[in-house]
Amino acid sequence: MTSTSPRANWNYPTAIRFGAGRISELAEACRSAGITAPLLVTDPFLATQPMTKAAFESLKEAGLHAAIFSEVKPNPVESNVYAGLEVLRRGGHDGVVAFGGGSALDAGKVIAFMAGQKRPMWDFEDIGDWWTRADPKGIVPIIAVPTTAGTGSEVGRAGVITQEKTHTKKVIFHPLMMPKVTICDPELTVGMPKHITAGTGLDALAHCLEAYCAPSYHPMAEGMAVEGVRLVKEYLPRAYADGTDIEARAHMMSAAAIGATAFQKGLGAIHALSHPVGALYDTHHGLTNAVFMPYVIAFNKKAVKEKIERLAAYIGLKPRYSAFLDWTLALREELGVPNTLAGLKVDDGKFDLMSKMAPKDPTAGGNPVALTKAGALKLYRKALEGAL
Ligand SMILES: NC(=O)c1ccc[n+]([C@@H]2O[C@H](COP(=O)([O-])OP(=O)(O)OC[C@H]3O[C@@H](n4cnc5c(N)ncnc54)[C@H](O)[C@@H]3O)[C@@H](O)[C@H]2O)c1
Ligand SMILES: [Fe+2]
């Protein structure tokens, strides 16, 4: 009899080499994945940074036929993927080193995924089992090297790419898009500007929180998510105050990897409301999530009151819903995150369109309270007015 027991699919992450200085293992990690000619995919700013140049040189010194592709914009778009794909195919590269924040990681992963596919990229959107259309032999191995601590793309099976024609963020998914090896070296995150430390750290918090609250059955993910929230509470203010605090940077890298592992359970309205804003206004993903976070926590109260009270107790707060909400408000303020959409230069001009897009976003289904068009509009208005 299985009818009374839950059914679920649980997937666990890639091999993670964690610790300061471990970027020195990059060439060996490539070899262990069978890569002899890696394409290092990054963004134009990171391409100019000494740490990126050093990583690239280490590949060449190890005798690997490495090249670099750096035309990935923040919130990567379809044309970035196709440009990288052209370089990968022309250069005969047999693997990708995805090096950077979520934007470079996602673009690098999707380029590796598309290496030998005959169908166009949008045939592999994260809808139903569209991923089964992909030719698994056409996917080259990926080594992921995060330089931010937030998206957790380094442990995930998906890449978020904006479709330029529709200004929509879409998720490309395949189980083999999971990196073969991930190198989490906190020293690579030291140079993040303060607002990126804040935004990416709050993205990790949003992942842990939304995964924890999503209604599907995944107790392993829930167990991880609460520890991820605790790490953010303890270490994000420290990483923000002193970017060279390696211990804090390391624990934030853990929180990021935890969040993305946990969110195979689901995400929710924070991400569903944020994706249209990111696609239409090109705002930073994590900062945009952070603006919506308290409004969504208030919106979801009726469905997750008891769960949030348990979470509050675990992270050292009074076991009350209001204590958790107040903590998120205080944390945002401490990290210089705006309280309203005006702080992201977003007005109500596209609210009607965004309210249609948000409930259709693949993350909306994980919200513990159904997100309708009317509900999304209400939340966009609240986030504009600063009314909880
Ligand atoms: N795949 C997933 O599961 C997933 C999850 C969440 C978000 N995302 C996507 O990830 C993207 C956001 O990624 P992000 O928040 O990491 O930011 P990002 O990759 O867009 O980088 C933001 C900026 O920070 C700079 N930067 C990155 N690392 C730096 C460092 N160490 N020092 C100095 N500057 C640095 C970059 O050059 C860039 O200008 C969005 O497109 C979002 O949709 C993907
Ligand atoms: Fe996110």
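Helices (H or I, at least four residues) and strands (E, at least two) are DSSP runs, numbered from the N terminus. This is a predicted model, where local features need pLDDT of at least 70, side-chain atom pairs count only at pLDDT 80 or more, and totals for chains, interfaces and linings use all residues. Residues are numbered from 1 along each chain as its sequence is written, chains are lettered from A and ligands numbered from 1 in the order in which they are written, and side-chain values use heavy atoms, with hydrogens and water left out.

**Stop 1: a loop residue and a strand**

Select His167. It sits in the loop between S6 and strand S7 (168–173). Its phi is near 50°, a positive value in a residue other than glycine. Most residues other than glycine have a negative phi. His167 is partly exposed, with a relative accessible area of 43%. Here buried means under 20% relative accessible area, exposed over 50%, and partly exposed in between (1.4 Å probe, protein chains only).

Now pick Ile161, in strand S6 (residues 158–163). Ile161 is buried, at a relative accessible area of 0%. Add Ile172. The two C-alpha atoms are separated by 7.3 Å, and the residues are eleven apart along the chain.

**Stop 2: the iron ion**

Select ligand 2, the iron ion. Its protein donors are Asp203 (OD), His207 (NE2), His271 (NE2) and His285 (NE2), lying 2.1 to 2.2 Å from it. Donors are N, O and S atoms within 2.8 Å of the metal (3.2 Å for Na, K and Ca); water is not among the atoms, so sites may look incomplete. Along the chain the donors follow the spacing D-x3-H-x63-H-x13-H. His207 lies in helix H6 (residues 194–213) and His285 in helix H10 (residues 285–299), so this pair ties together parts that are 78 residues apart in sequence. Both His207 and His285 are buried.

The angles among the four donor atoms run from 84 to 168°, and the site is irregular. Four donors count as tetrahedral if all angles lie between 85 and 135 degrees; four count as square planar and six as octahedral if opposite donors are over 155 degrees apart and all others between 65 and 115; anything else is irregular.

**Stop 3: aromatic rings**

The structure holds six aromatic pairs. Show Phe113 and Phe124. Their ring centres are 5.0 Å apart and their planes at 90°, so the pair is edge-to-face. Rings of Phe, Tyr and Trp (its six-membered ring) pair if their centres lie within 6.5 Å; planes under 30 degrees apart count as stacked, over 60 as edge-to-face and the rest as tilted. Phe113 and Phe124 are both buried. Next, select Phe292, Phe351 and Tyr380, which form one aromatic cluster.

**Stop 4: salt bridges**

The count comes to 18 salt bridges, each a side-chain nitrogen of Lys or Arg within 4 Å of a carboxyl oxygen of Asp or Glu. Select Arg17 and Glu28. Their side chains meet in a salt bridge (2.6 Å, N to O). Arg17 is in strand S1 (residues 15–18) and Glu28 in helix H1 (residues 26–32). Arg17 is buried, with a relative accessible area of 15%, whereas Glu28 is partly exposed at 43%.

Add Arg22 and Glu25, another salt bridge (2.8 Å, N to O). Arg17, Arg22, Glu25 and Glu28 are linked in a network of salt bridges.

**Last stop: helix H7**

Glu227 forms a salt bridge with Arg230, the closest N and O atoms being 2.9 Å apart. Both lie in helix H7, three residues apart, about one turn of the helix.
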